[in-house]
Amino acid sequence: MDSIDAPVTRGGAPAEAAPPRTRFAALRREIMSPSLSFLMEAHNGLSAKIVEEAGFRGIWASGLTNSASLGLRDSNEASWTQVLDVLEYMADATRLPILVDGDTGYGNFNSVRRLIRKLCERGIAGVCIEDKLFPKTNSFLGEAQPLAEIDEFCGRIKAGKDSQTNDDFVLVARVEALISGRGMEEALHRAEAYHRAGADAILIHSKKSMADEIFEFAERWGGRAPLVIVPTMYYATPTDLFRQAGISTIIWANHLLRASIVAMRETAARIHEDESLVRVEGSVASVKDIFRIVGNAELEEAERRYLPAKPAAGAIVLAASGGELGGLTLDQPKCMVDIRGQSLLQRLVGTLRERGVRDITVVRGYRKEAVSLQGIRTIDNDHYAETGEVCSLALARDAIQGETVVAYGDVLFRPYILDSLLTSRADIVVAVDTLAASNTRPGKRDLVTADRRFTGDYLDDNQAHLRQMAADIAPGEVCGEWMGLVRFSARGATWLQEEIAAMEAEGLLETGDLPLLLTRLAAKHPIRVKYFTGHWLDVDTLTDLAEARNFT
């Protein structure tokens, strides 16, 4: 867990030397380095990844932001074991070393001993403990907060150092004397005692808006041990002044959480006000960016290494018809009509590819020269005006090899519908919209009757199977409308090939449609019906087209 495989550069610059072998050594190098280093706050696995992506060389796991991200106050309301769980996710998410805000050590010397052993087990490279009483109060709340007795706190430091299981583990002692109003002499006295007790570095804390007392402390401290600061309140001080003062490490303590609160508040308010995503979609991170940050690509590569190879499904898209969309289809088929910057066919092919269907064959007919899309195979039905869908499908029969999806070229559907078909164990499975059972439109020929109706009961796992697909099913028998989408397993594809050959022998090839083909198949083999409630469109009219442009 704690190994480091490659150098992490600071701000994109080349690494200064060979990378440390462990995260413990990496944090020690940052704290002990003669040059100024920086730790950036993170409070969960995602923010830890963002810190690493930004180029920082270490992470500050803030007590305030960890608590706040859990909806809790910074008063030890989250137990140290709960904090440990968050830290484990952070350590798993990044290669960077983590210095954790250990508050007061969560109790006395015994609590510190157990805390540090557990931190070492999880590859957490260091801890900072402060000389206040348990349970702690955030340093920016109230005045004159009570401090621990010096000898007692030194005991916590010694216990922690004796308990670390890695020699490079870093223990930082945080001095709160300036925060509590005890003055400079007390701060220096405490820092020296903590240094003698074994602290690897001293964090001197201040909540004044100017850094004067930090500079005075640094000057009088004289470099006896590395100094760490948290310039949350005196943020306007130029960083170069801290370099000149010999500060070792600056902690940017809570700014990722604070930035996220502003962004989430603005986004939530805008969506609430608009009841729409239109104004926010372009200003938030894309879902693809989330997938990239959390490492989906690595999982996909691992699946290729470790899972049995499964032949990818192919698809045949029947797109030979011209359609009746007025002037929009004078020089192009319906499948090429624009839907918010992409053609119907482009959107359909995109959905297929996103779900792993790569080998896609499109059967063209009307205005075939207008059907052009990179990466697809095309087959032409030059007699589209006199023939039906089965004829178009037969022309692509050499593409019916193994698992195959067959779809109309003028449908849109949510990707989960295709997912459901692709993961079905049935040899033939059709997608059926059950809403059409009570709202059939005149002229629909893809009406379905099955051996079981849709019940709407999520606990009902009984399967439904196709009986008939046609236009003349009695209203009381209609179970839904076929959505123009069917998937065949390898065995189902063999049955499909056989049925196409049978229809050809019977002289039905040129005039047959897919409802007839599927009805004939259902008489010989089980065809699973998957019921859905909407979430698709069949673009037949200008009204459908307008709806499609709102669908995407």
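# A guided tour of the predicted model

Select Asn76 to begin: this residue is found in the loop between helix 3 (63-69) and helix 4 (80-93). The model is a predicted one. Asn76 is not a glycine, yet its phi is positive, at about 60 degrees. Its relative accessible area is 14%, so Asn76 counts as buried. As background, most residues other than glycine have a negative phi.

Move next to Tyr106, in the loop between strand 3 (98-101) and helix 5 (109-121). Here too a residue other than glycine has a positive phi, near 65 degrees. Tyr106 counts as buried, because its relative accessibility is 10%, under the 20% cut-off.

## Helix 7 and its surroundings

Select residues 184-197, which make up helix 7. This helix has 14 residues and reaches 20 Å from its first C-alpha to its last, close to the 20 Å expected at 1.5 Å a residue. Just after the helix comes Gly198, with a positive phi near 120 degrees.

Which residues of helix 7 are buried? They are Met184, Ala187, Leu188, Arg190, Ala191, Glu192, Ala193, Tyr194 and Ala197. To see what these buried residues pack against, display helix 6 (150-163), strand 5 (170-175), strand 6 (201-204) and helix 8 (212-221).

Now centre the view on Tyr194. Together with Leu87, Tyr194 has the most contacts inside the largest nonpolar core, a set of 78 residues. When its neighbours within four places in sequence are left aside, Tyr194 is in contact with Asp131, Ile150, Phe153, Cys154, Ile157, Ala173, Val175, Ala199 and Ile202. Another core, of 69 residues, lies apart from this one; among its members are Leu418, Met469, Ala493 and Leu517. In soluble globular proteins, nonpolar side chains tend to be buried together.

## Buried salt bridges

Remain in this region and show the side chains of Asp131 and Arg190. They meet in a salt bridge, at 3.3 Å from N to O. The pair links distant parts of the chain, with Asp131 in the loop between strand 4 and helix 6 and Arg190 in helix 7, 59 residues apart. Are these two partners buried or exposed? Asp131 has a relative accessible area of 0% and is therefore buried; Arg190, at 3% relative accessibility, also counts as buried. Asp131 is thus a residue to keep on display, as a contact of Tyr194 and as the salt-bridge partner of Arg190.

Select Arg174 and Glu130 next. Their closest N and O atoms are 3.7 Å apart, and the two residues form a salt bridge. Arg174 lies in strand 5 and Glu130 in strand 4 (residues 126-130), so this pair ties together parts that are 44 residues apart in sequence. Both Arg174 and Glu130 are buried.

## Other salt bridges

How many salt bridges does the structure hold? The number is 42. One to compare with the buried pairs is formed by Asp274 and Arg279, whose side chains meet at 2.7 Å, N to O. Asp274 counts as partly exposed because its relative accessibility is 27%, and Arg279, at 44%, likewise counts as partly exposed. For a network of salt bridges, select Arg28, Lys161, Asp168 and Asp200, which are linked in this way.

## A nonpolar surface patch

Turn to the surface and select Leu46, Ile50, Val287, Ile290, Phe291 and Val294. These residues make a nonpolar surface patch of about 500 Å². Helix 2 (45-54) and helix 11 (287-294) are the elements that give two or more residues to the patch. Which helix gives the most to it? Helix 11 does, with 4 residues.

Within the patch, pick out Phe291, which lies in helix 11. Its relative accessibility is 42%, so Phe291 counts as partly exposed.

## Last stop: strand 15

Finish at Leu412, which has its place in strand 15 (residues 411-413). Leu412 has a relative accessible area of 6% and is therefore buried. Add Gly484 to the selection and draw a distance between the two C-alpha atoms: they are separated by 9.5 Å, whereas the residues stand 72 places apart along the chain.

Technical notes: Residues are numbered from 1 along each chain as its sequence is written. This is a predicted model: local features need pLDDT of at least 70, side-chain atom pairs count only at pLDDT 80 or more; totals for chains, interfaces and linings use all residues. Side-chain values use heavy atoms; hydrogens and water are left out. Patches are made of residues with over 30% relative accessible area and no salt bridge: like charges are joined within 9 Å, nonpolar side chains (Val, Leu, Ile, Met, Phe, Trp, Tyr) within 5 Å. Accessible areas come from the Shrake-Rupley method with a 1.4 Å probe; for residues, only the protein chains shown count as cover. A salt bridge is a side-chain nitrogen of Lys or Arg within 4 Å of a carboxyl oxygen of Asp or Glu. Buried means under 20% relative accessible area, exposed over 50%, partly exposed in between (1.4 Å probe, protein chains only). The expected span of a helix is 1.5 Å times one less than its number of residues. Contact means heavy atoms within 4.5 Å. A nonpolar core is a set of buried Ala, Val, Leu, Ile, Met, Phe, Trp, Tyr and Cys residues joined through side-chain atoms within 4.5 Å.
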